[in-house]
Amino acid sequence: SEVMLENLDIDPDYYAATGCTAELKLVTVSDFARSFIHHATQTIPEFYDANGKEGRLVSTLIDVLNDLPAAGFAMTWPTAPALLEMCQVISESPDLPHLMEEWAERIGMSPRTFSRHFIKETGITFSNWKQRHRLLHSIILLRQSRSVTEIALMLGYGSTSAYTYAFRQLFGVSPSRYEATPPPPDAILYD
């Protein structure tokens, strides 16, 4: 089946100002939401008048996105500024190891304190969060017809089999089997 990927970049500060919680999740998309997303990506410029027509459209779009029901998998992002910034960096470079000890030092915490704060903010351990984030991102790459080997390397796995094992543990099927299965017509990933 044909898959169309459209990207919405929403400023995290703007998003937070709307009172929303930052999280990565798989959502079920209605026909209206799908059309609205397409309209927004085609008509709203990168820089727009926040108080004008485009600003009202963006505000409404965020409301529509936030009201989409979860399709069974959500991943909470931390809200503490230092941890949120760290997760954004990890998201931009998923191929790097991002060791907990190094991040704890950069943020100015002991590894134990860092671990406690991270679990309190997200509900899961730092290593589980990194792995889930990588695997969710890999779904987008699979839908772009990238090979399993290419995705494993792009996401920093030591081997294709390590990536396949982690994928199967989380989603219950191998990446190649998931890739061969048509996506639900009403599911998209957004973050």
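This report describes the fold, the nonpolar cores and selected residues of a predicted model.

## Overall layout

The chain has 191 residues, and buried residues make up 32% of them. Its secondary structure consists of ten helices and three strands. Read from the N terminus, the order of these elements is α-β-α-α-β-α-α-α-α-α-α-α-β.

About 11300 Å² of the chain is exposed, and carbon and sulfur atoms supply 52% of that area. Among contacts between residues at least 6 apart in sequence, 69% join residues at least 24 apart.

## The largest nonpolar core

The largest nonpolar core holds 27 residues. Within this core, the residues that touch the most other members are Met-86, Phe-114, Phe-118, Trp-129 and Tyr-163. Two or more residues each come from helix H4 (81-92), helix H5 (100-107), helix H6 (111-122), helix H7 (126-143), helix H8 (148-154) and H9. H7 gives the largest share of this core, seven residues.

Another core lies apart from this one and has 14 residues. Ala-33, Phe-36, Ile-44 and Leu-61 are among its members.

## Met-86 and His-98

Met-86 is placed in helix H4. Its relative accessibility is 1%, so Met-86 counts as buried under the 20% cut-off. With neighbours within four places in sequence left aside, Met-86 is in contact with Trp-103, Ile-107, Phe-114, Phe-118 and Phe-126. Of these partners, Phe-114 and Phe-118 are also named among the core residues that touch the most other members.

His-98 is twelve residues from Met-86 in sequence, and their C-alpha atoms are 9.4 Å apart. His-98 belongs to the loop between H4 and H5. The relative accessible area of His-98 is 7%, which means that this loop residue is buried. Its phi is near 45 degrees, a positive value in a residue other than glycine.

## Packing of H7 against H9

Two packed helices are described by the angle between their axes and the distance between the axes. For H7 and H9, the axes come within 10 Å and cross at roughly 100 degrees. Angles of 65 to 115 degrees count as roughly perpendicular, and H7 and H9 are therefore roughly perpendicular to each other.

On the H7 side, the residues that meet H9 are Gln-131, Arg-132, Leu-135, Leu-136, Ser-138, Ile-139 and Leu-142. On the H9 side, they are Tyr-163, Ala-166, Phe-167, Leu-170 and Phe-171. Tyr-163 is also one of the residues that touch the most other members of the largest nonpolar core.

## Residues along H9

Helix H9 spans residues 160-171 and includes Ala-162. Ala-162 has 34% relative accessibility and therefore counts as partly exposed. Between Ala-162 and Ala-152 the separation is ten residues in sequence and 8.1 Å in space, C-alpha to C-alpha.

Thr-164 is also found in helix H9. At a relative accessible area of 18%, Thr-164 is buried, because the limit for that class is under 20%. Leaving aside neighbours within four places in sequence, Thr-164 is in contact with Val-148, Ser-174 and Pro-175.

## The loop between H7 and H8

Ser-145 is found in the loop between H7 and H8. Phi of Ser-145 is near 65 degrees, a positive value in a residue other than glycine. With 61% relative accessibility, Ser-145 counts as exposed, whereas His-98, with its own positive phi, is buried.

## Helix H3

Helix H3 covers residues 53-66, 14 residues in total. From its first C-alpha to its last, H3 reaches 20 Å, close to the 20 Å expected at 1.5 Å a residue. An α-helix has 3.6 residues a turn, so residues three or four places apart point the same way. The buried residues of H3 include Gly-55, Val-58, Leu-61, Ile-62, Val-64 and Leu-65. Leu-61 is one of the members of the 14-residue core.

Arg-56 is placed in helix H3 as well. Its relative accessibility is 54%, so Arg-56 counts as exposed, the cut-off being over 50%. Not counting residues up to four places away in sequence, Arg-56 touches Ala-50 and Asn-51.

How values were computed:
Residues are numbered from 1 along each chain as its sequence is written. This is a predicted model: local features need pLDDT of at least 70, side-chain atom pairs count only at pLDDT 80 or more; totals for chains, interfaces and linings use all residues. Side-chain values use heavy atoms; hydrogens and water are left out. Helices (H or I, at least four residues) and strands (E, at least two) are DSSP runs, numbered from the N terminus. Buried means under 20% relative accessible area, exposed over 50%, partly exposed in between (1.4 Å probe, protein chains only). A nonpolar core is a set of buried Ala, Val, Leu, Ile, Met, Phe, Trp, Tyr and Cys residues joined through side-chain atoms within 4.5 Å. Contact means heavy atoms within 4.5 Å. Accessible areas come from the Shrake-Rupley method with a 1.4 Å probe; for residues, only the protein chains shown count as cover. The expected span of a helix is 1.5 Å times one less than its number of residues. Axes are lines fitted to C-alpha atoms, for helices over the stretch in contact, and angles run from 0 to 180 degrees between N-to-C directions. Angles under 35 degrees count as roughly parallel, over 145 as roughly antiparallel, 65 to 115 as roughly perpendicular and the rest as oblique.
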